[in-house]
Amino acid sequence: MRVTKETVGELITRLYSSEINFRIETLWNGGYTWALTGYSSDEKEKDLPRIWIDDAIQGTGRWIDVIGEIEEELNTIHFQKRDWFERGSREEVEEAISELCAAACRVYPDSEFAKWYLAS
């Protein structure tokens with residue numbers, strides 16, 4: 001599938017609807033960094049995605065409602081282990097989304113997203 005600026009929203013929505021976790025970040029003049037997020041080892045870490053860690057740092061405390069026993073470990077393991085399967089950076093948003101979609105198809109080949117994307 002050819003990714004265009006016009007299809008970026010649809011692709012993000014389809015990834016989300018398929019329950020595929022990802023991040024897209026940008027810094028002015030630095031392009032777009034994407035990450036297909038998740039953990040491949042420790043079962044406990046699978047329940048604490050970085051967005052909840054970011055909420056804890058911000059002071060909202062959302063993470064304590066999800067997994068209270070992680071509080072004392074927050075400053076150790078979760079800032080030392082990666083929370084992504086694949087990631088990359090590209091200057092153009094459509095290139096970044098294209099790479100994110102390809103990574104989602106590699107990591108989750110049986111997902112509804114991969115089936116739709118590869119057939120398009």
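**Exercise 1. What covers the buried residues of H4?**

Solution. The model is predicted: local features need pLDDT of at least 70, side-chain atom pairs count only at pLDDT 80 or more, and totals for chains, interfaces and linings use all residues. Residues are numbered from 1 along each chain as its sequence is written, and side-chain values use heavy atoms, with hydrogens and water left out.

Step 1. Locate the helix. Helices (H or I, at least four residues) and strands (E, at least two) are DSSP runs, numbered from the N terminus. H4 spans residues 93–107.

Step 2. List its buried residues, where buried means under 20% relative accessible area with a 1.4 Å probe, protein chains only. They are Val 93, Glu 94, Ala 96, Ile 97, Leu 100, Cys 101, Ala 103, Ala 104 and Cys 105.

Step 3. Name the cover. It includes helix H1 (8–17), E1, E2, E3 and helix H5 (112–119).

**Exercise 2. Describe the sheet and place H4 on it.**

Step 1. Take the strand order. The three strands form an open antiparallel sheet, ordered E1-E2-E3; two strands pair if DSSP finds at least two bridges between them.

Step 2. Find the edges. Strand E1 (22–26) and strand E3 (84–90) each pair on one side only.

Step 3. Examine one pairing. Strand E2 (residues 32–37) is joined to E3 by six bridges, and Tyr 32 stands opposite Arg 90 in E3.

Step 4. Add the helix. H4 lies across E1, E2 and E3, at about 15 degrees to E2. Axes here are lines fitted to C-alpha atoms, for helices over the stretch in contact, and angles run from 0 to 180 degrees between N-to-C directions.

**Exercise 3. Identify the largest nonpolar core and the elements that supply it.**

Step 1. Apply the criterion: a nonpolar core is a set of buried Ala, Val, Leu, Ile, Met, Phe, Trp, Tyr and Cys residues joined through side-chain atoms within 4.5 Å.

Step 2. Read off the core. The largest has 18 residues, and Leu 11, Leu 15, Leu 36, Ile 97, Cys 101, Phe 113 and Tyr 117 have the most contacts inside it.

Step 3. Assign the elements. H1, E2, H4 and H5 each give two or more residues, and H4 gives the most, with eight residues.

Step 4. Check one member. Not counting residues up to four places away in sequence, Phe 113 touches Leu 11, Arg 14, Leu 15, Ser 18, Ile 20, Cys 101, Ala 104 and Cys 105; contact means heavy atoms within 4.5 Å.

Definitions and conventions:
Buried means under 20% relative accessible area, exposed over 50%, partly exposed in between (1.4 Å probe, protein chains only).
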